[in-house]
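Trainee: I would like a close look at one part of this structure, and I would be glad of a careful, connected account of it.

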Amino acid sequence: MRIATWNVNSVNARLPTILAWMEAAQPDVACFQEIKCVDEKFPREAFESLGYNVETHGQKSYNGVALLSKHPLSDIRRGLPGDEADEQARYIEAVVEGPRPVRVASIYLPNGNPIGTDKFPYKLRWFERLNAHARSLLAFEEPLALCGDYNVIPERHDVRNPEAWTGDALFQPESRRAFRALKAIGLADASVLGKQPPGSFTFWDYQAGAWPRDLGIRIDFALLSPQAADRFRAIETHRDARDMEKPSDHVPVVVDLDLEA
């Protein structure tokens, strides 16, 4: 099973580019972040025509996540538990009913900037809620893939120019510590399993020539339960997608799992 995660940075604004990539890459499951539309405005028919079942958790103009699957989806959860007052659409989860079921989540973790505002504490609280929920999912002892834009630069080799990010919420010690704590509950980073080299970036800003100068960062991840990590086969970062017409500032990351029954 090929599982892709991609912050598409507005699904409607970049629909031809996204569809072209989907047709070429043929993922079995796609986790989108920043769809930037309400559920009713998601271009469902365009993806259904490619053979995908579609589930969304949208929000007008901001955030929004989606799951697309060539297999049926069940046990769908919209929203991260732990704060009923949180109205931001950043989490959707479902069981992909393939030959061997796998639970998949699409995650758009808060950015947290500027640090001196309530956005940074919100980011850290969101991390804590994700940690608690992931612990509950690990108790099922099933294949699990928590995929998405985590808005964190875990290590110095995950950024081309570390000094440029020292004041950013993505590179703060608290953010990096929260990401390590999440992995420490028993989740494996697919990029580590696949031995991806330094410089396997997933995001380049639109400003300051970041893409042509390769001033990238790695902030998009697939974290796998032990049952999924045991079936891990490969990971690809589709860097070429950043060179497509009207691209997102992120590129897709695709993980291959052997989920034959």
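Trainee: How much space lies in the second largest pocket?

Mentor: In this predicted model, about 180 Å³ of space lies in the second largest pocket. Its lining begins, in sequence order, with Val159, Arg160, Asn161, Ala164 and Trp165, and it is completed by Asp205, Gln207, Ala208, Ala210, Leu215 and Gly216. Sorted by class, these lining residues comprise six nonpolar, three polar and two charged ones, and the charged ones are Arg160 and Asp205.

For context, the largest pocket holds about 470 Å³ of space, and of the 23 residues that line that pocket, Tyr108, Pro110, Asn111, Gly112 and Asn151 are the closest to its centre. The lining of the largest pocket divides into eight nonpolar, seven polar and eight charged residues.

Turning from the pockets to helix packing, helix α3, which spans residues 119-138, packs with helix α4, residues 173-184, at an angle of about 5 degrees, and their axes lie 10 Å apart. Because angles under 35 degrees count as roughly parallel, α3 is described as roughly parallel to α4. On the α3 side the contact is made by Phe120, Lys123, Leu124, Phe127, Leu130, Asn131 and Ala134, which meet Glu174, Ser175, Ala178, Phe179, Ala181 and Leu182 of α4. By class, this contact of α3 with α4 has nine nonpolar residues, alongside two polar and two charged ones; Lys123 in α3 and Glu174 in α4 are the charged pair of that count.

Technical notes: Residues numbered from 1 in each chain as written. Predicted model: local features only at pLDDT ≥ 70, side-chain atom pairs only at ≥ 80, totals over all residues. Heavy atoms only, no water. 1 Å grid on protein atoms, 1.4 Å probe; cavity = no way out; pocket = protein on both sides within 12 Å on 5 of 7 lines; lining within 4 Å. Points joined across faces, edges and corners; volume = space filled by probe spheres on them. Axes fitted to C-alpha atoms, helices over the stretch in contact; angles between N-to-C directions. Helix = DSSP H or I, 4+ residues; strand = E, 2+ residues; numbered from the N terminus. Parallel < 35°, antiparallel > 145°, perpendicular 65-115°, else oblique. Contact = heavy atoms within 4.5 Å.
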